[in-house]
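Visitor: I have a model open and would like some practice in reading it. Could you walk me through the features one by one?

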Amino acid sequence: MIWIQILIFLLGLAIGSFLNVCIYRIPRSDMSIYSPRRSFCPECNQSIKFYDNIPLLSYLFLRGRCRYCKAKISVLYPIVELATAVLFLVMYYQFGQFGKTLEFVHALIFVSVLIPIFVIDAQHYIIPNVISLVGLILGVGIVCAIAYENKDIDYLKVRLIGFVAGGLGLWLIAFVGSAILRKKAMGGGDIKLMAIIGLFLGAWPELPMVIALSAFSGAVIGTLLIATGKKSRQSPIPYGPFLAGAAVVVLLWGDPLWTKYLQLTGWN
C-alpha cells in the first residue's frame, strides 16, 4: 500500500539525517554524535531550530543557506538524506513487500552502515572503527535472528564463513599488493569493511562479485580522475566507496548477475 511506502521513505529521510550527523562528527575528534546535542551551523556555530532541521525540506525552504549567517549549506546533506530514502524504498520493493521482514531489516541495516562509510572514506580517506564495530554488532544480531527464525543453521555458517573469508581475503590481496607496489596498497578499514560485507552477504559467489565490481569501478573512476587532471598517478584513491557501492549492487542484483555470468562463460 502507498502509505507504507510513504512511511518507509520518511523513515529513510530521518535515518539519512542521522547519518549526516555521523558523517560530519565521527571523523572529528573534538565532538561525538551525542555532543553537542543539537545540530549547528559549522560557520557561525548557531544552534539549528527544529523547523530548520527537517530532512530535505529545510534545505529547500532555506535555499541551501543558513538562516542566520547565510553561509551555504553543503548539498551533500540533502543528497545523503534523499539517497537513504530512495535506497530504503528500493529495499522494500526487493524484500519487504514479499513478507521477508527480517531480510528487509537486514537490508536496511546494511545500507545504513555502508552510506556513512562511503562518504567518510571519500572525504577523509578513513573508515572509522566505530562504524565498523556497529556494523559488526548489528550484522551478527540480524544474521542470528534470520537463522533462528528460519531454523537454518547453514545460513549462519555461510555468513560467518563470509565474515572470515572477506577479511582474510582482502588482507591477502593487500599484502600481495603492498609487496608488489612496495607501498601500502589499502588500509585496515577496507579489510574490516570487507569482513562486514561477507557477514551480511555470505561468501560465495557474493564476495568475488564484490571484489570484481569494486575493482572494475575503481579502475574506471580512477582512470577518469587521472585523465581529467583531478588526480595524479601518485594520488591515493579511497577503496571503501567502491566496496560499498559494489556491495549494494550484489545485495540487490547478485543472483541475476551471477546467473548471467555463468551463462556468458558457458558454466551454466
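**Reading the model**

Guide: Let's start with one residue: Ile23 lies in helix α1. Helices here are DSSP runs of H or I with at least four residues, strands are E runs of at least two, and the numbering goes from the N terminus. Bear in mind that this is a predicted model, where local features need pLDDT of at least 70 and side-chain atom pairs count only at pLDDT 80 or more, while totals for chains, interfaces and linings use all residues. Residues are numbered from 1 along each chain as its sequence is written, and side-chain values use heavy atoms, leaving out hydrogens and water.

Visitor: Is Ile23 buried or exposed?

Guide: Buried means under 20% relative accessible area, exposed means over 50%, and partly exposed is in between, using a 1.4 Å probe and protein chains only. With a relative accessible area of 4%, Ile23 is buried.

Visitor: And which residues does Ile23 touch?

Guide: A contact is heavy atoms within 4.5 Å. Leaving aside residues up to four places away in sequence, Ile23 touches Arg28, Val80, Pro116, Val119, Ile120 and Gln123. Take the last of those: Ile23 and Gln123 are 100 residues apart in sequence, but their C-alpha atoms are 9.5 Å apart in space. You can try a similar reading on Gly222, which is found in helix α8. Gly222 is buried at 6% relative accessible area, and its C-alpha is 9.8 Å from that of Pro238, 16 residues apart in sequence.

Visitor: Now the core. How many residues does the largest nonpolar core have?

Guide: In general, nonpolar side chains tend to be buried together in soluble globular proteins. A nonpolar core here is a set of buried Ala, Val, Leu, Ile, Met, Phe, Trp, Tyr and Cys residues joined through side-chain atoms within 4.5 Å. The largest one has 56 residues, and those with the most contacts inside it are Met91, Phe110, Ile197, Leu201, Val210, Leu243 and Leu251. At least two residues each come from α1 (2–25), α3, α4 (101–124), α5 (129–150), α6 (153–181), α7 (188–201), α8 (206–227) and α9. The largest share, 12 residues, is supplied by α4.

Visitor: What does Met91 touch?

Guide: Again not counting residues up to four places away in sequence, Met91 touches Gly96, Phe104, Ala107, Leu108, Val111, Val248, Leu251 and Leu252.

Visitor: At what angle do α3 and α9 pack?

Guide: The axes are lines fitted to C-alpha atoms, for helices over the stretch in contact, and angles between N-to-C directions run from 0 to 180 degrees. Under 35 degrees counts as roughly parallel, over 145 as roughly antiparallel, 65 to 115 as roughly perpendicular, and the rest as oblique. Helix α3 (residues 76–94) and helix α9 (residues 240–265) pack at about 25 degrees with their axes 11 Å apart, so the two are roughly parallel to each other. In this pairing Leu87, Val90, Met91 and Gln94 of α3 meet Val248, Leu251 and Leu252 of α9. By class, that contact has 6 nonpolar, 1 polar and no charged residues. For these classes, Ala, Val, Leu, Ile, Met, Phe, Trp, Tyr, Cys and Pro count as nonpolar, Asp, Glu, Lys and Arg as charged, and the others, Gly among them, as polar.

Visitor: How do the axes of α7 and α9 cross?

Guide: They cross at roughly 5 degrees and come within 10 Å, so α7 and α9 are roughly parallel to each other. Asp190, Leu193, Met194, Ile197 and Leu201 in α7 meet Gly240, Leu243, Ala244, Ala247, Val250 and Leu251 in α9. By class, this contact of α7 with α9 has 9 nonpolar, 1 polar and 1 charged residues.

Visitor: How many salt bridges does a search of the whole structure find?

Guide: Side chains of opposite charge can pair when their charged atoms come close. The cut-off for a salt bridge is a side-chain nitrogen of Lys or Arg within 4 Å of a carboxyl oxygen of Asp or Glu. The search finds 1: Asp52 with Arg67, their closest N and O atoms being 2.6 Å apart. Asp52 is in the loop between α1 and α2, and Arg67 is in the loop between α2 and α3, 15 residues apart. Asp52 is buried at 10% relative accessible area, whereas Arg67 is partly exposed at 39%.

Visitor: Which residues does the cis peptide bond join?

Guide: Trp204 and Pro205, with omega about 0 degrees. Pro205 lies in the loop between α7 and α8.
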